[in-house]
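Work through these short exercises with the model open. Try each task before you read its solution.

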Amino acid sequence: MIKTPISLQDLRKRIYAKAKADKRHRFWGLYVHLCKAETLKESYRRARLNNGAPGMDGVTFEMIGHSGVDLFLAGIQEELLSQKYLPVRNRRKEIPKGKGKVRVLGIPSIRDRVVEGALKLLLEPIFEADFQEGSYGYRPGKKAHEAVHRVAKAVVWGKTRVIDLDLSAYFDSIAHSILLTKVAKRVSDEKVLRLLKLLLTVNGTRGVPQGGVISPLLANIYLNEVDMMCEKLKAQTSKAGMEYARYADDLVVVVNAKWEWLLKEAYRRLMQELAVIEVKVNMEKTRLVDLMKGETFGFLGFDFRRNKTKSGKWGVRITPRMGARTKFLHNLKDIFRRYVSQPVDRVIALINPKLRGWANYFRIGQASRCFSYVRNWVEKKIRRHLGRARNRSGFGWNRWSRDWLYKSLGLYDDFKIRYYRPESAAGR
């Protein structure tokens with residue numbers, strides 16, 4: 001009797017089910033699945049959807065398509081099976097963060113992206129079974145808005161003492177030896193562990209590159225025991241005393257104002273757990289916040305503050321952070337500057353997707369004032385652009401009506417607030 005080959009989708013489901021049922025099980029025999037054509041094709045498909053820039057080798061998706069995708073993947077498969085595969089260093093790209101600071105992205109070659117993606121396809125279902133409820137960053141089916149809602153709901157229910165934690169260069173600080181030990185607790189396949197070590201060490205002795213396909217998963221694995229500590233502490237208080245949410249390296253803990261001892265204990269345990277895995281805390285930016293004293297804290301680009309609702313009850317006000325607005329307008333300004341001599345429809349085609357993405361993210365809170373500012377700012381920039389093209393000064397308030405900008409030029413105009421509703425509640 002010949003067994004039907006198991007599909008990649010079914011394999012991932014089985015791996016997840018096994019990992020969920022047996023928290024001590026260590027998986028073996030994964031490498032043979034990693035090398036399969038189906039796994040590599042799926043990894044390439046996902047990489048192609050992102051359509052990222054080339055790595056150090058300069059190879060683009062267009063070049064691969066011209067020479068043949070199947071031939072490209074067959075070459076990778078042969079190197080993996082013979083264990084002759086060696087990754088190349090990531091191409092470094094600096095992204096401005098503001099105030100003269102930059103975030104360094106590590107861009108892998110497409111070849112290495114495919115291998116990282118294949119490895120992620122097999123490791124992800126194992127560790128998804130271990131990840132905690134309060135972890136939201138880069139996880140299937142998890143959204144940043146859910147993390148924001150989790151924190152906001154906790155504040156409404158009286159958890160007004162806040163540990164606003166800031167980690168120093170988290171992705172760059174991850175110790176390879178500690179990370180590999182954490183992975184080995186669930187994976188006993190020596191070939192998989194060897195491959196992971198190769199991918200890690202090719203870019204240095206420490207850290208995972210921001211921009212790597214597998215980096216977000218590894219970053220979550222590294223902090224999972226910190227999440228577990230938060231869950232245990234939360235369970236000790238029957239969930240009434242504490243809540244937490246983490247999105248990648250952005251972590252916030254909220255504690256009931258009546259439980260001062262719990263605030264101190266949570267802070268102590270956090271520092272202890274982070275020290276064990278050699279993650280440094282930025283003490284200048286880490287704060288203990290008291291919302292009842294009118295203080296605020298930031299999480300995932302939003303400012304949180306306690307306020308009274310129209311009904312007279314205490315609630316929470318969530319607004320876009322000033323820094324988030326400033327950074328966004330700076331990005332738009334750069335487009336207006338670079339395309340100053342281009343037709344206005346070209347400029348609008350470039351800024352509309354950015355406006356849509358930014359508005360969709362921040363529209364879940366009390367963003368009306370911020371949205372009005374952004375909308376007026378964009379209108380003035382478009383009017384200035386039109387004026388320059390016609391050698392006219394001013395904003396042309398009488399020449400170009402607001403309706404004309406939106407209806408005729410097609411400038412993005414959906415700045416309505418849509419308060420976040422959990423999917424379970426929305427479906428009722």
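The exercises below deal with a predicted model.

**Exercise 1. Compare the span of α3 with its expected span.**

Step 1. Helix α3 covers residues 37-50.
Step 2. It has 14 residues, which at 1.5 Å a residue should span 20 Å.
Step 3. The end C-alpha atoms of α3 are 20 Å apart, so the two values agree.
Step 4. Look just past the helix: Asn51 takes a positive phi of about 50°.

**Exercise 2. Which residues of α3 are buried, and what do they pack against?**

Step 1. Apply the cut-off: buried means under 20% relative accessible area.
Step 2. Thr39, Leu40, Glu42, Ser43, Tyr44 and Ala47 of α3 are buried.
Step 3. The buried residues of α3 pack against α1, α2, α4, α5 and α6.

**Exercise 3. Describe how α3 and α6 cross.**

Step 1. Two packed helices are described by the angle between their axes and the distance between the axes.
Step 2. The axes of α3 and α6 (residues 110-128) come within 8 Å. They cross at roughly 115°.
Step 3. The α3 and α6 crossing is right-handed.
Step 4. From α3, the contact uses Thr39, Leu40, Glu42, Ser43, Tyr44 and Arg46. From α6, Ile110, Arg113, Val114, Gly117, Ala118 and Leu121 take part.
Step 5. Sort the α3–α6 contact by class: six residues are nonpolar, three polar and three charged.

**Exercise 4. Where is the kink in α14, and which residues of this helix are buried?**

Step 1. Helix α14 runs over residues 344-362, 19 residues in total.
Step 2. From first C-alpha to last, α14 reaches 26 Å, close to the 27 Å expected at 1.5 Å a residue.
Step 3. The kink, about 30°, lies at Ile351. The proline Pro353 follows shortly after.
Step 4. Ile351 is itself one of the buried residues of α14. The others are Val344, Val347, Ile348, Asn352, Leu355, Trp358, Ala359 and Phe362.

**Exercise 5. Place Tyr138 and Glu278, and give the phi of each.**

Step 1. Most residues other than glycine have a negative phi.
Step 2. Tyr138 has a positive phi, near 55°. Tyr138 is found in the loop between α6 and α7.
Step 3. The phi of Glu278 is positive too, near 65°. Glu278 is found in the loop between α12 and β6.
Step 4. Check exposure. Partly exposed lies between the 20% and 50% cut-offs. The relative accessible area of Tyr138 is 46%, so Tyr138 is partly exposed. For Glu278 the value is 40%, so Glu278 is partly exposed.

Conventions: Residues numbered from 1 in each chain as written. Predicted model: local features only at pLDDT ≥ 70, side-chain atom pairs only at ≥ 80, totals over all residues. Heavy atoms only, no water. Helix = DSSP H or I, 4+ residues; strand = E, 2+ residues; numbered from the N terminus. Expected span 1.5 Å × (residues − 1). Bend = angle between axes of the 7 residues up to and from the residue. Buried < 20%, exposed > 50% of the residue type's maximum accessible area, 1.4 Å probe, protein only. Axes fitted to C-alpha atoms, helices over the stretch in contact; angles between N-to-C directions. Left-handed = near helix turned anticlockwise from the far one by under 90°. Contact = heavy atoms within 4.5 Å. Nonpolar A, V, L, I, M, F, W, Y, C, P; charged D, E, K, R; others polar.
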